[in-house]
Amino acid sequence: MTVSNGKRHITVLGATGSIGLSTLDVVRRHPERFSVYALTASTNVDEMASLCREFRPAVAVMADADAAEQLDKALATLPDTRVLAGEAGLVEVAVAGEADTIMAAIVGAAGLSPTLAAVKAGKRVLLANKEALVMSGQLFMDAVASSGALLLPIDSEHNAIFQCLPAERVRDLPGAGVRRILLTASGGPFRNHTPDMLREVTPAQACKHPNWSMGQKISVDSATLMNKGLELIEACWLFNTHPDQIEVHVHPESIIHSMVEYVDGSVLAQLGSPDMRTPIANGLAWPERVDAGVAPLDLFALGRFHFERPDVDRFPCLRLAAEAFEAGGTAPAVLNAANEQAVAAFLAGELCFADIPVIIERTLVRVPSQPADDFDAIMAADQDGRAQARAEIERLARRTLAH
Ligand code: NAD
Ligand code: MG
């Protein structure tokens with residue numbers, strides 16, 4: 001691993017997204033500590049060109065080949081930035097010796113291959129891309145153990161839990177004296193909606209989260225509670241624990257980002273404004289602290305906190321995720337694939353919001369879990385899950401038209 005002139009050299013996978021831009025905002029504040037080695041994006045050439053002009057990365061990758069060609073032309077005046085294309089380009093910058101720190105902030109299954117490559121290369125991996133860990137759990141954590149990668153959670157809840165645990169006991173909760181983890185959830189924008197109201201919600205309403213500003217996919221996941229389901233699985237792998245030891249608490253203010261309860265009755269919490277720059281700065285600078293540009297917390301203005309139990313009857317995605325973790329093997333990869341397809345169909349106006357869990361549940365019933373021993377088995381399950389979910393979406397659409 002190369003760390004020259006005392007700086008961290010960073011590859012940002014998913015630089016044009018919500019997490020990517022927040023990461024670059026923290027980087028921008030500390031030019032003496034952080035420099036950008038590579039940036040990657042999918043199709044947004046204009047945003048990427050503007051980021052390249054500011055951060056002058058050695059490499060810029062567009063996952064889309066046409067977009068890479070356009071970026072190459074747009075950056076004709078920046079000869080020091082090499083433009084690469086496709087998954088091979090993403091993997092190349094994830095493992096390059098010139099970068100010591102990889103921010104994994106691609107959304108969905110597309111992030112698995114480069115994130116896993118960074119882990120295998122023994123990097124400091126800042127994990128925002130929870131889907132990668134959900135899909136490949138055991139394989140991913142085995143790779144962390146064998147490569148000596150430093151895995152730092154960026155998801156705000158997992159970063160909070162990480163901060164509330166002793167650093168040397170992050171994967172030994174019994175040894176640390178932990179009784180349980182209290183995983184907080186905002187409850188999303190439809191927390192108080194009746195089942196009938198949930199059938200009517202639009203993509204625009206689902207993408208408008210009450211507390212956080214995020215990418216579209218995770219915003220819909222927050223509204224269905226699938227985000228909490230994915231996070232439950234994520235927490236089990238990161239902290240080497242089980243859903244029985246994790247209790248989801250809906251906390252609509254999103255100020256307490258999660259808690260750890262110890263056997264002596266102590267409950268440690270991490271609090272902060274709902275701004276992803278806090279966990280990102282924690283991961284970038286760990287074990288040190290840097291200014292993240294986040295406004296100080298004003299508890300007087302907030303006044304009070306609320307807590308309630310999640311309603312898994314109205315929001316079955318949380319239950320489906322726990323069941324997929326219990327089923328093990330490729331079931332979480334199938335859950336994730338079906339969810340990605342269902343969310344895309346909802347955003348495209350092909351599926352009603354309340355049918356997202358219906359598609360996922362049917363897909364899980366029809367695609368049996370297989371051993372998830374290697375990358376190919378996981379990708380095959382991802383493909384099967386997607387194909388089955390598409391078939392279920394089309395079946396449901398035909399039935400709706402027939403009525
Ligand atoms: P986003 O949609 O805003 O950004 C996604 C990024 O991934 C973009 O840079 C996009 O170009 C890139 N990308 C999309 N498809 C790609 C593909 N096929 N190949 C390569 N790159 C591709 O998403 P986001 O909200 O920044 O979320 C990113 C990840 O971080 C997700 O896994 C999400 O669950 C996680 N996360 C986000 C937040 C948040 O506040 N936004 C909080 C916690 C965790
Ligand atoms: Mg989260």
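User: Two strands pair if DSSP finds at least two bridges between them. With that settled, in which sense do β8 and β9 pair, and over how many bridges?

Analyst: This is a predicted model, just so we keep that in mind. Strand β8, residues 178-185, pairs with β9 in the parallel sense, and the pairing runs over 5 bridges.

User: Who's the bridge partner of Thr-184?

Analyst: That's His-249 in β9.

User: And what does the sheet around them look like, what's the strand order?

Analyst: The order is β9-β8-β10-β11, an open sheet of 4 strands with mixed pairing. The edges are taken by β9 (246-250) and β11 (267-271), each of which pairs on one side only. On average, neighbouring strands in this sheet are turned by 20° against each other, direction ignored.

User: Which strands does α12 lie across?

Analyst: Helix α12, residues 226-238, lies across β8 and β9. Relative to β8, α12 runs at about 150°.

User: Switching to the 7-strand sheet. How is that one ordered?

Analyst: It goes β4-β3-β2-β1-β5-β6-β7, again as an open sheet, with parallel pairing. Here β4 (82-85) and β7 (150-153) are the edge strands, and each pairs on one side only. Going from one strand to the next, the twist averages 20°.

User: How many bridges hold for β6 with β7, and in which sense do they pair?

Analyst: There are 4 bridges between β6 (residues 124-127) and β7, in the parallel sense. In that pairing Leu-127 stands opposite Pro-153 in β7.

User: What about α3, which strands does it touch?

Analyst: α3, residues 65-74, packs on the sheet and touches β3 (59-62) and β4. Its direction makes about 170° with that of β4. Then there's α5, which also packs on the sheet, with β1 (8-13), β5 (101-104) and β6 as the strands it touches. The angle between the directions of α5 and β6 is about 145°.

User: OK, stay on α5. How do its axis and that of α6 meet?

Analyst: The axes of α5 (residues 112-120) and α6 (residues 130-147) come within 9 Å and cross at roughly 15°. Angles under 35 degrees count as roughly parallel, so α5 and α6 are roughly parallel to each other.

User: Is that crossing left-handed or right-handed?

Analyst: The crossing of α5 and α6 is right-handed.

User: Which residues meet there?

Analyst: From α5 it's Leu-112, Thr-115, Leu-116, Val-119 and Lys-120. They meet Ala-132, Met-135, Ser-136, Leu-139, Phe-140, Ala-143, Val-144 and Ser-147 of α6. By type, the residues of this contact split into 9 nonpolar, 3 polar and 1 charged.

User: And the other helix pair, α16 with α17? What's the angle and how far apart are the axes?

Analyst: α16 and α17 pack at an angle of about 145°, axes 9 Å apart. Their crossing is right-handed. On the α16 side you have Ala-331, Val-334, Leu-335, Ala-338, Asn-339, Ala-342 and Phe-346, which meet Ile-356, Ile-359, Ile-360, Thr-363 and Leu-364 in α17. The residues of that contact divide into 10 nonpolar, 2 polar and no charged.

User: New topic: how many aromatic pairs are there?

Analyst: The structure holds 4. One of them is Phe-190 with Phe-353, at 5.2 Å centre to centre and 85° between the planes, an edge-to-face pair.

User: Where do those two Phe residues sit along the chain?

Analyst: In distant parts of it, 163 residues apart. Phe-190 is in the loop between β8 and α9 (195-200), while Phe-353 is in the loop between α16 (331-347) and α17 (356-366).

User: Backbone oddities next. Which residues does the cis peptide bond join?

Analyst: It joins Trp-286 and Pro-287, with omega about 5°. Pro-287 is found in the loop between α13 (277-285) and α14 (299-302).

User: What's phi at Arg-56?

Analyst: Near 50°, a positive value in a residue other than glycine. Arg-56 has its place in the loop between α2 (45-55) and β3.

User: Last one: what is Ser-273 in contact with, beyond its neighbours within four places in sequence?

Analyst: Ile-255, His-257, Val-294, Ala-295, Pro-296 and Leu-297. Ser-273 itself lies in the loop between β11 and α13. Its C-alpha atom is separated by 14 Å from that of Arg-304, 31 residues apart along the chain.

Terms used
Residues numbered from 1 in each chain as written. Chains lettered and ligands numbered in written order. Predicted model: local features only at pLDDT ≥ 70, side-chain atom pairs only at ≥ 80, totals over all residues. Heavy atoms only, no water. Axes fitted to C-alpha atoms, helices over the stretch in contact; angles between N-to-C directions. Contact = heavy atoms within 4.5 Å. Parallel < 35°, antiparallel > 145°, perpendicular 65-115°, else oblique. Left-handed = near helix turned anticlockwise from the far one by under 90°. Nonpolar A, V, L, I, M, F, W, Y, C, P; charged D, E, K, R; others polar. Phe/Tyr/Trp six-rings, centres within 6.5 Å; stacked < 30°, edge-to-face > 60°.
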